[in-house]
Amino acid sequence: MARNNFDVLNLVRDNVKRLKPYASARDEYNEMGDGMVFLDANENPFETSVNRYPDPQQIHLKQKLSRLKGIPVNQILLGNGSDEVLDLVFRAFCEPKQDSVITLPPTYGMYSVLANINDVGNISIKLTDTFQPNVAEILNAATANTKILFLCTPNNPTSNSFEAESVEKLIKNFNGLVVIDEAYIDFSNQQSCTTRLQDFPNLIVTQTMSKAYGMAGVRLGVCFASAQIIAIMNRIKPPYNVNELTQRRAMERLENPKMVVEEVHSILNQRAWLHQKLKEIPFIEHVFPSDANFILVKVDNANLRHKQLIDKGIVVRNRTREPLCENCLRFTVGTIEENRKLLSNLKTL
Ligand SMILES: *Cc1c(COP(=O)(O)O)cnc(C)c1O
């Protein structure tokens, strides 16, 4: 079912449509070249290398990402981590106390936290026993006020990818925006949904520098969507949401994409090794296949094993209280040494 009549403006909050965005005077003049004297922003004129406000549109960084990803600059928005990007989606499209979103537990906890912060309803539809979206139930649960559907694929904490067919069915038939959280896409064989942006005007894809790119500390989230959706989000984003140091460090890292590929390759090798070895631990009942940089395992008693590992100096995530994840622990794939240490300690429990 093609959606010929989709108009994203029908989903935008009225106040966002009406508001006049904050304008930094610098925007228009920055590209006029050297020799400009900037006495407009009350900065300290003495050079510290960060005495000027950062570029609010992060144009150099976006141009670099645009070349790397093959997506036009006007279809990219950057945020203070993908958590900020996700929050902006809520704030642009969800009217507090009135609208709702759909999330699919067990999944990333921030979607429901952000729903609560923004006072937006959260309709949660559990994944199936094989950790796949229940397409019929999701579409059935949506109301006229359900603005966003969050799909995390590969999903955290279940580590699997959603079937492409289900994802496509949901994007085509859900009457709102579909946010695909691709935080772990670089660890997966699946194709990124960014390749489908031209086909679906209601699609938003988020990625992050926090996982494969090894930059959780700089806080840089990336959002890809139609130029129209990006323009709406740009209206409400804090002007200087990506600081100068982050922009510089990210640029440096992106200069050397080969290094990222090598690190991902090594993490994938370690993931395969861990997967095999974890199966040999007697109290591990199941090792779930992973499309991400972590492995979910089902153990005999998650609370006990979690505590025993902490006593050994190893912190893992206990997911036992999440739906469908009873007695499950989540292990991030670490360095070779860290993974060996995890394993040798598991053997002694
Ligand atoms: C880690 C993670 C993120 C990353 O969030 P940042 O704010 O960019 O660090 C996003 N989504 C999921 C599902 C994650 O697990």
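Helix α3 (residues 81-93) supplies three residues to the shell around the ligand, the largest share. The model is predicted. The protein chain is assigned two domains, domain 1 (8-255) and domain 2 (258-346). The points below cover the ligand site, the contact between the domains, and the surroundings of N318 in strand β10.

**Ligand shell**

- The ligand is surrounded by 13 residues, and those that come nearest are Y184, T208, S210, K211 and R219.
- By residue class, the shell around the ligand consists of four nonpolar, five polar and four charged residues.

**Polar atoms facing the ligand**

- In the side chain of S210, an N or O atom is 2.6 Å from an oxygen atom of the ligand.
- The side chain of R219 likewise has an N or O atom 2.6 Å from a ligand oxygen.
- For S82, the distance between an N or O atom of the side chain and an oxygen atom of the ligand is 2.7 Å.
- On its own the ligand has 390 Å² of accessible area, and the protein covers 93% of this area.

**Domain arrangement**

- The assignment places residues 8-255 in domain 1 and residues 258-346 in domain 2.
- Taken over C-alpha atoms, the centres of domain 1 and domain 2 are 29 Å apart.

**Interface between the domains**

- Contacts across the interface involve 25 residues of domain 1 and 21 residues of domain 2.
- The size of an interface is often expressed as the accessible area lost when the parts come together.
- Between domain 1 and domain 2, about 1,800 Å² is buried, and carbon and sulfur atoms give 63% of that area.
- On the domain 1 side, the residues that lose the most area to domain 2 are P157, S159 and F187, which together make up 36% of what that side buries.

**Surroundings of N318**

- N318 belongs to strand β10, which spans residues 317-318.
- The side chains of N318 and N303 are joined by a polar contact of 2.8 Å.
- A polar atom of the N318 side chain also lies 3.1 Å from the backbone nitrogen of T320.
- With neighbours within four places in sequence left aside, the residues in contact with N318 are A302, N303, H306, C328 and L329.
- N303 therefore appears both in the list of contacts of N318 and as its side-chain polar partner, given that a polar contact is a pair of N or O atoms within 3.5 Å.

Terms used. Residues are numbered from 1 along each chain as its sequence is written. This is a predicted model: local features need pLDDT of at least 70, side-chain atom pairs count only at pLDDT 80 or more; totals for chains, interfaces and linings use all residues. Side-chain values use heavy atoms; hydrogens and water are left out. A residue is near a molecule or strand if one of its heavy atoms lies within 4 Å of it. A polar contact is a pair of N or O atoms within 3.5 Å; within protein, one must be able to donate a hydrogen and the other to accept it, and residues adjacent in sequence count only if both atoms are side-chain atoms. Accessible areas come from the Shrake-Rupley method with a 1.4 Å probe; for residues, only the protein chains shown count as cover. Helices (H or I, at least four residues) and strands (E, at least two) are DSSP runs, numbered from the N terminus. Ala, Val, Leu, Ile, Met, Phe, Trp, Tyr, Cys and Pro count as nonpolar, Asp, Glu, Lys and Arg as charged, and the others, Gly among them, as polar. Domain bounds come from an automatic or database domain assignment. Contact means heavy atoms within 4.5 Å. Buried area is the accessible area (1.4 Å probe) that two parts lose on being put together, summed over both.
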